[in-house]
Amino acid sequence: MKYQTTNEWNHFGFQEAYISEIQKVNGGFQFTLDNVTIEPDNSKNRDIRQMRANELYVTIQDAEIERLVEEGYKVYNANGQLMEQYEDRDIAPENYNEILKSLTDGESCIYALEKKDDVYIFTIDASSERTYVLYMKGTRDIEQWNRFLNK
């Protein structure tokens with residue numbers, strides 16, 4: 001890869017980044033993302049404006065999935081009356097791989113990425129019209145990509 005940053009996840013805009021692939025690599029997880037915004041304060045961005053990258057690899061090292069949650073939702077009728085309500089549901093660890101694989105269809109996108117202490121929190125809008133929150137503990141993040149694109 002031509003460009004690489006370490007622990008600069010907050011110098012990227014992951015909102016609306018599409019997930020192409022999620023794979024387990026060397027004790028960590030690697031996300032292949034398209035449509036990632038590279039912020040002006042990123043150490044590799046020599047422009048003073050937002051740029052974009054496709055095929056950007058985000059690797060969370062020494063990563064473990066702490067929790068995967070399927071967010072609940074409410075169903076209303078045409079009059080705005082609540083008809084049904086579904087609560088958040090924790091996904092069982094034995095189903096993690098199945099859910100993660102379903103998110104790599106190129107249509108699921110990241111709604112938000114946060115970090116609290118050593119836990120990365122991915123909020124993902126799946127193409128199945130469901131939202132998942134992935135809590136992944138890791139020691140550091142590495143971002144790699146080959147070229148900058150105009151936004």
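Two strands count as paired when DSSP finds at least two bridges between them. That idea will help you follow this predicted model, beginning with one of its hairpins.

## A hairpin to start from

Strands β13 and β14 form a hairpin with five residues between the strands, and in it E129 takes a positive phi near 65 degrees. Strand β13 covers residues 119-125, and it is joined to β14 by seven bridges, with the two strands running antiparallel. If you would like a pair to click on, try I124, whose bridge partner in β14 is Y132.

Strand β14 itself spans residues 131-137 and is mostly covered, since five of its seven residues are buried. It also pairs with strand β8 (residues 64-70), again in the antiparallel sense, over six bridges. Here I65 stands opposite M136 of β14.

## The protein as a whole

Stepping back, you will find one helix and 16 strands in the protein. The C-alpha trace spans about 50 × 35 × 30 Å along its principal axes. Of the 151 residues, 43% are buried. The exposed surface comes to about 8,800 Å², with carbon and sulfur atoms supplying 40% of it.

How many positive and negative charges does the protein have, and how far apart are their mean positions? There are 17 positive and 28 negative charges, and their mean positions lie 6 Å apart.

Contacts across the sequence are a good thing to look at too. Among contacts with a separation of 6 or more, 59% are between residues 24 or more positions apart.

## Two open sheets

The hairpin belongs to an open sheet of 10 strands, in the order β1-β15-β7-β4-β3-β12-β13-β14-β8-β11, with antiparallel pairing. Its edges are β1 (3-6) and β11 (89-90); each has a single partner strand, so one side of each is left without a neighbour in the sheet. Strands of a sheet pair through backbone hydrogen bonds, either parallel or antiparallel.

At the β11 edge, two bridges join this strand to β8, and the two run antiparallel. V69 has D90 of β11 as its bridge partner.

Another open sheet is made of four strands in the order β2-β5-β6-β16, also with antiparallel pairing. Its edge strands, β2 (12-13) and β16 (149-150), each pair on one side only. Strand β2 is joined to strand β5 (residues 36-38) by two bridges, and these strands run antiparallel. G13 is the residue to find here, as it stands opposite T37 in β5.

## The nonpolar core

Which residues have the most contacts inside the largest nonpolar core? They are F14, F31 and L33, in a core of 35 residues.

F31 makes a helpful centre for a closer view. Not counting residues up to four places away in sequence, F31 touches E21, I22, L56, Y57, V58, I60, F122, L134 and M136. M136 is a residue you have already met, opposite I65.

V58, on that list of contacts, has its place in strand β7 (residues 56-61). Beyond its neighbours within four places in sequence, V58 is in contact with F14, F29, Q30, F31, L33, I142 and E143. F14, F31 and L33, the residues with the most contacts inside the core, are therefore among the contacts of V58, which is buried with a relative accessible area of 3%. V58 and E143 are 85 residues apart in sequence, yet their C-alpha atoms are 4.6 Å apart in space.

## Three residues side by side

The table sets V58 beside two other residues.

| Residue | Place | Relative accessible area | State |
|---|---|---|---|
| V58 | strand β7 | 3% | buried |
| T123 | strand β13 | 13% | buried |
| E71 | loop between β8 and β9 | 29% | partly exposed |

Is T123 buried or exposed? With a relative accessible area of 13%, T123 is buried, because buried means under 20%. Leaving out residues up to four places away in sequence, T123 touches C109, I110, Y111, A112, T131, Y132 and V133.

E71 lies in the loop between β8 and β9 (73-76). Its relative accessible area of 29% makes E71 partly exposed. Apart from neighbours within four places in sequence, E71 is in contact with D88, R130, T131 and V133. T131 and V133 are also among the residues that T123 touches. E71 and Q30 are 41 residues apart along the chain, and their C-alpha atoms are separated by 23 Å.

Technical notes. Residues numbered from 1 in each chain as written. Predicted model: local features only at pLDDT ≥ 70, side-chain atom pairs only at ≥ 80, totals over all residues. Heavy atoms only, no water. Buried < 20%, exposed > 50% of the residue type's maximum accessible area, 1.4 Å probe, protein only. Contact = heavy atoms within 4.5 Å. Areas by Shrake-Rupley, 256 points an atom, 1.4 Å probe, with all protein chains shown as cover. Lys, Arg positive; Asp, Glu negative; His and termini not counted. Charge placed at Lys NZ, Arg CZ, Asp CG, Glu CD. Core = buried A, V, L, I, M, F, W, Y, C linked by side-chain atoms within 4.5 Å.
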